[in-house]
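Thank you all for coming. I would like to walk through one chain, beginning with a single loop and working outwards from there.

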Amino acid sequence: MTAMMEMPRVQECTAIDCAYNQHEGCHAFAITIGTEADHASCTTFFDISTKGGLDAVIAQVGACKRADCRFNAELECRAPAIRVGPSRDMADCMTYEPA
Ligand code: SF4
C-alpha cells in the first residue's frame, strides 16, 4: 500500500487581487506553480472581480513545474509550507530557491 504524502500548505498569499485570496490567505483547493524561465509564478492566480475558493480550505501546492528549486523532487514540492506574493509577476512562489 502506498502512503499518501501531505502536500505543502500555502501559509500566506499576499496577491490580494486574486479571486482565491481572502485576507491574505489562498482558498483554492490546490495551486500549481509554473515554468517561466526566471521566476516561479503561481499559475492558479486569477484576476477577476468574483471571489472563489472554499472558506474552510487553506490551499496546498498540487504541482510545481519548477524542477530547479531545491525543494522540488519529481515535480512535486517538498517544502514544509510556501509563501506566495507579488514579485516578478502578480503572484510568485516566494519560497523558491534555485538548487
Ligand atoms: S518552494 Fe520550490 S518546489 Fe515548492 S512550490 Fe515553490 S518553487 Fe515549487
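Let me start with Glu74, which is found in the loop between β6 (72-73) and β7 (76-77), where strands are DSSP runs of type E with at least two residues, and helices runs of H or I with at least four, both numbered from the N terminus. Before going further, I should say that this is a predicted model, in which local features need pLDDT of at least 70 and side-chain atom pairs count only at pLDDT 80 or more, whereas totals for chains, interfaces and linings use all residues. Residues are numbered from 1 along each chain as its sequence is written.

Glu74 has a positive phi of about 55°, although it is not a glycine. Glu74 counts as exposed because it has 6 C-beta neighbours inside 10 Å; the term exposed applies at 12 or fewer other C-beta atoms within 10 Å, buried at 20 or more, and partly exposed in between, with C-beta atoms placed from the backbone.

His23 also deserves attention, since here too a residue that is not a glycine has a positive phi, of about 50°. His23 sits in the loop between β2 (21-22) and β3 (25-26), and it counts as exposed because 6 C-beta neighbours lie inside 10 Å.

A further loop residue is Ile48, placed between β4 and β5, which is exposed because it has 9 other C-beta atoms within 10 Å. Its C-alpha atom is separated by 7.1 Å from that of Cys18, 30 residues apart along the chain.

Turning to the interior, the largest nonpolar core, meaning buried Ala, Val, Leu, Ile, Met, Phe, Trp, Tyr and Cys residues joined through C-beta atoms within 7 Å, has 22 residues, and those with the most contacts inside it are Val10, Cys26, Ile31 and Val84. At least two residues of this core come from each of β1 (9-13), β4 (30-33), β5 (60-64) and β8 (81-85).

What surrounds the ligand? There are 14 residues around the ligand, the closest being Cys64, Cys69, Cys77, Cys93 and Tyr96, where a residue is near if its C-beta atom, placed from the backbone, lies within 6 Å.

Finally, for the chain as a whole, the secondary structure comes to zero helices and nine strands, and buried residues make up 32% of the 99 residues. The C-alpha atoms fill a box of roughly 40 × 35 × 15 Å, taken along the principal axes.
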